[in-house]
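Here are some exercises to work through with the structure open beside you. Try each task before you read its solution.

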Amino acid sequence: MRLFHKIVMVQNANSGELLRDTLDVLILKTLTRGPMHGYGIAEFIEQTSDDVLRVEEGALYPALHRLELRGLLASKWGLSESNRKAKYYRLTPAGRKQLEDETARWGRMATAISRILETA
Amino acid sequence: MLREVIRTMRLRAKALFKRRQLDRDLREELNFHLAMRQEKYRAAGLASEDAAMAARRLFGNVTGFKEACREAWTFTWLENLARDLRYGLRQLRRNPGFTVVAVLTLALGIGANTAIFSVIDAVMLRMLPVHEPERLVQVGFQGKHSGESFVGESFSYPVFKKLLQYNSVFTDVSAFDYWNVLRAYPAGSEARGANESIKGQMVSANFFSLLGIKAIIGRTFAPDEDNGADAHPVAVISYALWTRMFGRSPDVLGKKLTIQQATFTIIGVAPPHFSGVDPGRVDDVWLPVSMQPAALPGGNRLEQIDTNWLSLIARLKPGVSARQARASLDILYQQIQRQRDISKWTAQDRRDFFTHHIVLLPAARGANYLREEFSQPLFLLMGMVALVLIIACTNVANLMLARASTRQREIALRLALGARRGRLVRQLLTESMLLAVMGGAAGLLFAYWGSPVLVTLMANGSGRVTLDVHPDSVVLGFTMLLALGTGLVFGLAPAWRLTRRISGIRADTISRHGARERGTHRLGRVLVIAQVALSLVLIVGAGLLVRTLHDLETLNPGFNGDNVLLFGLDPSKAGYKAEGAARIRQDVLEQIREAPGVVSASFSFLTPISGGGWDNYVRSVEGSILPAGESVDVYLNGVGPDFFRTLGTPVLEGRGFGPQDSSSSPPVALINEAMARRFFGDRSPIGKHFRLGPWGGKLGYEIIGVTGNAKYISLAEKIPPTAYLYIPQLPQVPQGVTFEVKTAVPPLSVVAAVDTILRGIDPRLSALDVSTLAEQVDQSLGQEEMMSTLSSFFGVVALALACIGLYGVMAYALARRTNEIGIRMALGAQKKDVLWLVMRQGLLVTLAGLGIGIFGAFGGTRILSSLLYGVRPTDPLTFLAASLILTSTTLVACYIPARRATKVDPMVALRYD
């Protein structure tokens, strides 16, 4: 049996906050590789996480739009590999900065949590 | 952070208008995704249709997350707000009675606050419309007078000139005459009567340039136009006068105005909105200060170093602080003072004189006379109306609570269906904000009407106070903040309470008898108790102020002001010199005495309670019980024959002035009881002599009589030691006097006869400033009258609001208890039992409020003490009366619903849900 973890966009603010933030960071990180369209981002996250993380479209697109609105991403219409019209997202300087902050925060959190888990 | 917000707003605003494109983009983006996924499945070996199906299945609720995307882009809260507003308006429309009462209540509260605030704004807050007002200071001095410290704000002309010439801290110093209001007339129209008179002021030539005010046509004064007495008969007029009298015609330049006997040429028009540097007076004409001898009776003041009549306003040099300026100017002032000849002064005078030091008062908001006079009353009024507003808020909160309880089912249902509490609170708050904004708008209307009334009350018909109280942006901002704050205050508590109590409870358990309602009811009662308490404080305050006014109006002032006509006569205006003037006065007096309806007549320099005074040190008093060398400041008046009989002031000992006293006989004086007591104790002062210093030097006065004490400057004063001198014996005196005519008929009915007499003696003579003594005394009580009128009004408003509140709570409680009352009656309760049952509740609330209110008033009325006369802030009678008024009124408010309770039909009540 495979571990299957869904990232969903949850309406309820209290339980969704962490997941939502996590997805945001993953999107930002993915885009450090260069401009990508939504489908590409989802595929990349799934593949890179060995299909542990599965991104739902219902969460992905609101997240992309939200990030764009906050100025962390910028978008442009372009042509895909298969010659289709697609919307490409790229990281803005503000987004890069945000990613650095979030990564640092994530590192601190992870250290802290693992420290607690490691204590007998 | 801010950049991000702005960016977000811009994008969202774009999205708001390009909604269709946004939707299209979204659709395309998703289609692309779908297509890619489909391809992937197909590549993995699925059939075309299955691949499409699988892709779509995985995609889930497309509409749902399209919605989510859209929400990220658009102003959800704005749309919600619009929805709340529509809903709120619908709710308010559905309960027109509630809405009208709530809006009117708020309008009253907010309007009263706005009205008072706009006056405070005009008097105290508004900057002068001049160049860099914050660099302006008013020059004054601080020191002792008769051993008491005071702040003086006027200087003599020679001192002004020296300060102007030698100071190093001001770019300029300008002088203006605050105390005298000149009456000007368009040349040739004097004969048509005083109605067309224009108010004018004398200013130094640099007045306009210092303020940075430029004439909009013509010019302001040239720098040398205040040189030489009476040398430059020119005038600058206000924009208002230019409009009113000359229809904004450019021909106004060169037109003439008459003031006293002199003719002035108009040289320029001041810009709109400029009416001088004192927010309390509106002047229409400005003259060079050097025109004083021609414009103002009473001799040439330009060379008198001891006549302080000019207020000084100065502009600080750049980089000079007010503190540095004060220090520097004070050194200069001390040098000027030391150059004065004070050799003839008494020791006390000299001591006092050298305690004087310059102070600089900020003048950005204008000279501060009005501020001094009215700031305390205005702040007190502000406090009162704030209380009224709190009561009004409480009332509306109560109404909202009562109304909200009828909406409990609705709200419980919505909560049960998953509405968030914050969302519901926001919606309920939107409703109260709507009410508040409507109340605020109506309040502005109230204020628009009320502020001028307030100014009229302040001026008390004398026209002395003219304030521009148009609602400017500051006032509008104040009102808006007030309204929104109000809405929050009265809306938040009920909204919070309503949503909290119900969350977690199933809708179907909420019924009209629900135990949960007790909370609402308790809150309502607490609010009413607060109202009663606050009302009591206001009523007690009003009571104290009313009693003060009453005491002042009914006290014996030591003279009888009934049926006394006053008019001024200045023979010098008709060209008479001292001796001729004396003869004219005598002729006028004799003829007026003979006029029909006249009982007696006299004249004097000063009339009682005119606000003016003349004082001097008395020294070398023969037989005085005071230690030698101590001088006492004594008020003086110069009077004519029959003065005491005409004013009804008794001569208690000795005699009044008579035919034996003349300019050639030894000078004599009468003194009042207070002065006799001060200098002679129980001994008789008759036949003793005293001297007036320092200027009356050589002259000694023999005391020939003692008069009763009479009020001098104001009714509220402690009567000062006063000496009365005889005008025919005073050589160096101003020629203008005021005549007093005691009549047996209404005093104003003899005005025509007076006019005829004057014209018969010399056609150039005319009666000035005709009024009656009673009027003059009345006017002196302007502030007391304003305070007692307004505080009574606000007290009544507070009481009415409290009664409405109490009535509302009682009626609501009763509606809930209809069922219970029905049962009680069915079980045999009598009408009076039911009446008592209901009344008891109202009585308890009232008594609780009363207790708290008495406690609060006890502490609170102390701030009134400086405005009170003849009554202490804790006057038990006032407290008792206020409590009685309050209790009886509230009992009536309870009785109405209670009586309705007794009419309950048990059968109907039992079936009542």
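**Exercise 1.** Which residue forms a salt bridge with Arg66(A), and how many Å apart are the closest N and O atoms?

*Solution.* Keep in mind that this is a predicted model.

- Step 1: Find the partner. Arg66(A) pairs with Asp24(A), and their closest N and O atoms are 3.5 Å apart.
- Step 2: Place both residues. Arg66(A) sits in helix 3 (residues 57–69) of chain A and Asp24(A) in helix 1 (residues 13–30) of chain A, so this pair, 42 residues apart, links distant parts of the chain.
- Step 3: Check the cover. Arg66(A) and Asp24(A) are both buried.

**Exercise 2.** Describe the make-up of chain A, then do the same for chain B.

*Solution.*

- Step 1: Count the elements of chain A. You should find 4 helices and 5 strands, and from the N terminus on they follow the order β-α-β-α-β-α-β-β-α.
- Step 2: Look at burial in chain A. Of its 120 residues, 41% are buried.
- Step 3: Turn to chain B. It has 26 helices and 23 strands, and 52% of its 913 residues count as buried.
- Step 4: Look at contacts with a separation of 6 or more. Residues 24 or more positions apart account for 52% of these contacts in chain A and for 81% in chain B.

**Exercise 3.** Work out how chain B and chain A meet.

*Solution.*

- Step 1: Start with the area. The size of an interface is often given as the accessible area lost when the parts come together. Here chain B and chain A bury about 2,500 Å² between them, with 58% of it on carbon and sulfur atoms.
- Step 2: Count residues. On chain B, 24 residues are in contact with 28 residues of chain A.
- Step 3: Count the pairs. Between the two chains there are 5 salt bridges and 6 residue pairs in polar contact, both residues being at pLDDT 80 or more.
- Step 4: Find the elements. On chain B, the side that touches chain A gets two or more residues from each of helix 1 (2–17), helix 2 (19–43), helix 3 (48–59) and helix 4 (62–73). Helix 2 of chain B gives the largest share, 12 residues.

**Exercise 4.** Trace the salt bridges that Glu43(A) makes across the two chains.

*Solution.* Side chains of opposite charge can pair when their charged atoms come close.

- Step 1: Take Arg37(B). Its salt bridge with Glu43(A) has closest N and O atoms 4.0 Å apart. The pair crosses between chains, from helix 2 of chain B to helix 2 (residues 38–48) of chain A.
- Step 2: Take Lys40(B). Its side chain meets that of Glu43(A) in a salt bridge of 3.2 Å, N to O. Lys40(B) lies in helix 2 of chain B and Glu43(A) in helix 2 of chain A, so this pair too joins two chains.
- Step 3: Compare the cover. Glu43(A) is buried because its relative accessible area is 11%, under the 20% cut-off. Lys40(B) counts as partly exposed, at 36% relative accessibility.
- Step 4: Join the pieces. Through shared partners, Glu43(A), Arg37(B) and Lys40(B) form one network of salt bridges.

**Exercise 5.** Is Leu117(A) buried or exposed, and which surface patch does Leu117(A) help to make?

*Solution.*

- Step 1: Leu117(A) lies in helix 4 (residues 93–118) of chain A.
- Step 2: Leu117(A) counts as exposed because its relative accessibility is 67%, and exposed means over 50%.
- Step 3: Together with Trp106(A), Met109(A) and Ile113(A), Leu117(A) makes a nonpolar surface patch of about 450 Å².

Conventions. Residues are numbered from 1 along each chain as its sequence is written. Chains are lettered from A and ligands numbered from 1 in the order in which they are written. This is a predicted model: local features need pLDDT of at least 70, side-chain atom pairs count only at pLDDT 80 or more; totals for chains, interfaces and linings use all residues. Side-chain values use heavy atoms; hydrogens and water are left out. Patches are made of residues with over 30% relative accessible area and no salt bridge: like charges are joined within 9 Å, nonpolar side chains (Val, Leu, Ile, Met, Phe, Trp, Tyr) within 5 Å. Accessible areas come from the Shrake-Rupley method with a 1.4 Å probe; for residues, only the protein chains shown count as cover. Buried means under 20% relative accessible area, exposed over 50%, partly exposed in between (1.4 Å probe, protein chains only). Contact means heavy atoms within 4.5 Å. Buried area is the accessible area (1.4 Å probe) that two parts lose on being put together, summed over both. A polar contact is a pair of N or O atoms within 3.5 Å; within protein, one must be able to donate a hydrogen and the other to accept it, and residues adjacent in sequence count only if both atoms are side-chain atoms.
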